[in-house]
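Visitor: I have a structure to go through with you. Could we take it point by point?

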Amino acid sequence: MNELVSLHAINKKYGKRQVLHNVSFTIERGEVYGLLGPNGSGKSTTLGIILNVVSATSGTYEWFQGRQTVQQALKKVGALIERPNFYPYLSAWDNLKIVCLIKEISSAAIDEKLKLVGLFDRRNDAFKTYSLGMKQRLAIASALLNNPELLILDEPTNGLDPEGIRHIRDLIPQIASQGTTILLASHLLDEVEKTCSRVLILKEGHLLFDGPVSAVRNAPSYFEIGFEGNAEQVCSIISRNPAVARAKVMAPNRIHVETELTGAALNAWANQQGVVFNHLVYKQQSLEDQFLAITKQ
């Protein structure tokens, strides 16, 4: 039973404004999911529906293939949705003790979670003395106290300095290695590429892609080619070569060509057709290239 939660044709409206359109996906055990999209794409609303704090207008979702109620399942979920909110004058340890009392769970795991997030040596320091990055890590420790099967993080590095960002990004695979599935919402391509194994891409409430990050990252390489002349005509000529998988006009004097040929071979063949290149650069598509291509659909 690998399925943790499945969403089926979820729609959400706020008044006349529809923010989610027929969204369906499944979160499975053992993965780190990146819910990726620009600000306003529906990421936080999607997380809110999963956490049962936002009601869907239509559609359904189920936990553990319907074997548990939402209330039962949420006891196995940890979440960091908003900025950390702890008592400023209490220590990190005492703040986590209060969290345990509120959640009615044992405090036995506090030291373990503080060590995991790198705050054990500062456990007796007041929360108000922590940097923003340390506060965020303490909030993650709090979300892990119930040893959740699924950890949900909404923009966990937002507002952090480079050191704080690095700490969070290093922490995510450590948590995942202990068997916790993670759903991470972010608008940062680099963050998803470095920390996630699967990606869900949202744009204006539409789910455009659901699959492994490797399927996006390992997109075909291509040659960026410049010339003097008509781009459509040059693209048509280049496409005649049987070794060219795809040729696409990108600008009035620039095309992208996917081919198994070397740059020298492609250039030589083009010269034979009367096409002279003034720019020929080999490129590997990045996650950003693919993200932009997907979101322009």
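Visitor: Is threonine 46 buried or exposed, and at what relative accessibility?
Guide: This is a predicted model. Threonine 46 lies in helix α1, residues 43-50. Buried means under 20% relative accessible area. Threonine 46 therefore counts as buried, at 1%.

Visitor: Which backbone atom does the side chain of threonine 46 reach?
Guide: Threonine 46 touches Leu7, Leu20, Phe25, Leu35 and Leu202, not counting residues up to four places away in sequence. Its side chain also has a backbone partner, at 2.8 Å. That partner is the backbone oxygen of glycine 42.

Visitor: How many of the residues of α1 are buried?
Guide: The helix is mostly covered. Its buried residues are Lys43, Thr45, Thr46, Leu47, Gly48, Ile49 and Ile50. Out of eight residues, the buried count is seven.

Visitor: Which residue just after α1 takes a positive phi?
Guide: Most residues other than glycine have a negative phi. Just after α1, a phi of about 65° appears. The residue is asparagine 52.

Visitor: Where is glutamine 65, which has a positive phi?
Guide: Glutamine 65 is not a glycine, yet its phi is about 55°. It is partly exposed, with a relative accessible area of 36%. Its place is the loop between β4 (58-63) and α2 (70-74).

Visitor: What is the relative accessible area of asparagine 147?
Guide: Asparagine 147 also is not a glycine and has a positive phi, about 50°. It sits in the loop between α5 (132-143) and β6 (150-154). Partly exposed covers the range between 20% and 50%. Asparagine 147 is partly exposed, because its value is 49%.

Visitor: Is glycine 78 buried or exposed?
Guide: Glycine 78 is found in strand β5, residues 77-80. Leaving out residues up to four places away in sequence, it touches Ala143, Pro148, Leu150, Leu151 and Ile152. Its relative accessibility is 1%, so glycine 78 counts as buried.

Visitor: What C-alpha distance separates glycine 78 and serine 142?
Guide: Along the chain the two are 64 residues apart. In space, their C-alpha atoms are separated by 8.2 Å.

Visitor: How far apart do the C-alpha centres of domain 1 and domain 2 lie?
Guide: The protein is divided into domain 1 (3-216) and domain 2 (221-285). Between their C-alpha centres the distance is 44 Å.

Visitor: With which side chain does the side chain of glutamate 224 make a polar contact?
Guide: Glutamate 224 is found in strand β10, residues 221-227. At 11% relative accessibility it counts as buried. Beyond its neighbours within four places in sequence, it is in contact with Arg254, Ile255, His256, His279, Leu280, Val281 and Lys283. The polar contact, at 2.8 Å, is with the side chain of histidine 279.

Visitor: What is the C-alpha to C-alpha distance between phenylalanine 277 and isoleucine 225?
Guide: Phenylalanine 277 is found in strand β13, residues 277-284, and counts as buried at 12%. Its contacts more than four places away include Ile225, Gly226 and Ile238. In sequence, phenylalanine 277 and isoleucine 225 are 52 residues apart. In space, the distance is 6.7 Å.

Visitor: How many disulfides are there?
Guide: Cysteine 196 counts as buried, at 8% relative accessibility. Cysteine 235 is buried too, with a relative accessible area of 8%. A disulfide needs a pair of cysteine sulfur atoms within 2.5 Å. By that rule the count is zero.

Visitor: What radius of gyration does the protein have?
Guide: The C-alpha trace spans about 80 × 45 × 35 Å along its principal axes. A compact globule of 297 residues would come in near 19 Å. The protein has 24 Å.

Visitor: How much of the contacts with a separation of 6 or more comes from residues 24 or more positions apart?
Guide: The protein has eleven helices and 13 strands. Of its 297 residues, 45% count as buried. For those contacts, the share from residues 24 or more positions apart is 67%.

Visitor: What percentage of the accessible surface belongs to carbon and sulfur atoms?
Guide: The accessible surface of the protein comes to about 14800 Å². The carbon and sulfur share is 48%.

Conventions: Residues are numbered from 1 along each chain as its sequence is written. This is a predicted model: local features need pLDDT of at least 70, side-chain atom pairs count only at pLDDT 80 or more; totals for chains, interfaces and linings use all residues. Side-chain values use heavy atoms; hydrogens and water are left out. Domain bounds come from an automatic or database domain assignment. Helices (H or I, at least four residues) and strands (E, at least two) are DSSP runs, numbered from the N terminus. Buried means under 20% relative accessible area, exposed over 50%, partly exposed in between (1.4 Å probe, protein chains only). A polar contact is a pair of N or O atoms within 3.5 Å; within protein, one must be able to donate a hydrogen and the other to accept it, and residues adjacent in sequence count only if both atoms are side-chain atoms. Contact means heavy atoms within 4.5 Å. The radius of gyration is taken over C-alpha atoms; the globule rule is 2.2 Å times the number of residues to the power 0.38. Accessible areas come from the Shrake-Rupley method with a 1.4 Å probe; for residues, only the protein chains shown count as cover.
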